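Biologist: Could you take me through one part of this model in detail, setting out the reasoning as you go? I would like a single connected account rather than a list.

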Amino acid sequence: MRLLPWEYLFTRFSAHTFPDVYTPLWVATLVLLVGLVVLYNARTRALHRHAPYLDMYEWLLWTGISLFGLILVAAIFNFYMIVLLVILVSGLAVMVWVRFIRFPPVLDVYEHRLAKQRYFTRSKFAHPEATIRPKGARPGTSRTSAGRARANRNRKRR
């Protein structure tokens, strides 16, 4: 360390000025970017019928792509360290906000709606008679020859 800590904020972020941090940062950024895309694909396939979860993962995907993309650009073009820190802090803050503040109320409402649907479905089919068709002729069905013969016999008995 040759400079005061706050002087490093206005130093360009490169392999020569930050040799211990430069390579691990861009490698970790690439790994996290690939992991984010894989996680998004896996979760959206698993939750393809649940729109609020898909929305949350889409928010996280685009926030992560912009965050990790900007970090890679800042590393490649040797931005000042303060710019890199602002990008990193703001991007991570948005990801935390999306996951822990924006979507939990939406997910709670969705879970309650699913629970109501499950309850009404269970209560509808809880009685054995609920799934049994009532006896009698069903409208719109054509009679077979055996059905016609039965109907004719019943008419003769009356």
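Modeller: A residue counts as buried when its relative accessible area is under 20%, and as partly exposed when the value lies between that cut-off and 50%. With that in hand, and bearing in mind that this is a predicted model, I will look closely at helix α2 (51-76) and what packs around it.

T29 is a useful place to begin, as a residue that lies in helix α1. Its relative accessibility is 4%, which is under the 20% cut-off, so T29 counts as buried. Leaving aside residues up to four places away in sequence, T29 touches F68, I71 and L72. T29 is one of several buried positions in α1, the others being Y22, L33, L36 and T44, and the buried residues of this helix pack against α2. The helix that carries them, α1, runs over residues 22-46, and its 25 residues should span 36 Å at 1.5 Å a residue; the C-alpha atoms at its ends are 36 Å apart, so the expected span and the computed one agree.

Turning to the partnership of α2 with α3, the axes of these two helices come within 9 Å and cross at roughly 170°. Because an angle over 145 degrees counts as roughly antiparallel, α2 is roughly antiparallel to α3. On the α2 side the contact is made by M56, W59, L60, T63, G64, L67, L70, I71 and A74, while α3 contributes L84, I87, L88, G91, L92, V94, M95, W97, V98, R99 and R102. Sorted by class, the residues of this contact are 15 nonpolar, three polar and two charged.

In the loop between α2 and α3 sits N78, which has a positive phi of about 55° although this residue is not a glycine. Since its relative accessibility is 26%, N78 counts as partly exposed.

The view widens with the largest nonpolar core, which has 26 residues, and in which F13 and M56 are those with the most contacts. Two or more residues of this core come from each of α1, α2, α3 (81-102) and α4 (104-124), and α2 gives the most, with ten residues. M56 touches V98, R99, F103 and L107, again not counting residues up to four places away in sequence. Of these partners, V98 and R99 also appear on the α3 side of the contact between α2 and α3. M56 thus links the two parts of this account, as a residue of the α2 side of that contact and as one of those with the most contacts inside the core.

Conventions: Residues are numbered from 1 along each chain as its sequence is written. This is a predicted model: local features need pLDDT of at least 70, side-chain atom pairs count only at pLDDT 80 or more; totals for chains, interfaces and linings use all residues. Side-chain values use heavy atoms; hydrogens and water are left out. Helices (H or I, at least four residues) and strands (E, at least two) are DSSP runs, numbered from the N terminus. The expected span of a helix is 1.5 Å times one less than its number of residues. Buried means under 20% relative accessible area, exposed over 50%, partly exposed in between (1.4 Å probe, protein chains only). Contact means heavy atoms within 4.5 Å. A nonpolar core is a set of buried Ala, Val, Leu, Ile, Met, Phe, Trp, Tyr and Cys residues joined through side-chain atoms within 4.5 Å. Axes are lines fitted to C-alpha atoms, for helices over the stretch in contact, and angles run from 0 to 180 degrees between N-to-C directions. Angles under 35 degrees count as roughly parallel, over 145 as roughly antiparallel, 65 to 115 as roughly perpendicular and the rest as oblique. Ala, Val, Leu, Ile, Met, Phe, Trp, Tyr, Cys and Pro count as nonpolar, Asp, Glu, Lys and Arg as charged, and the others, Gly among them, as polar.
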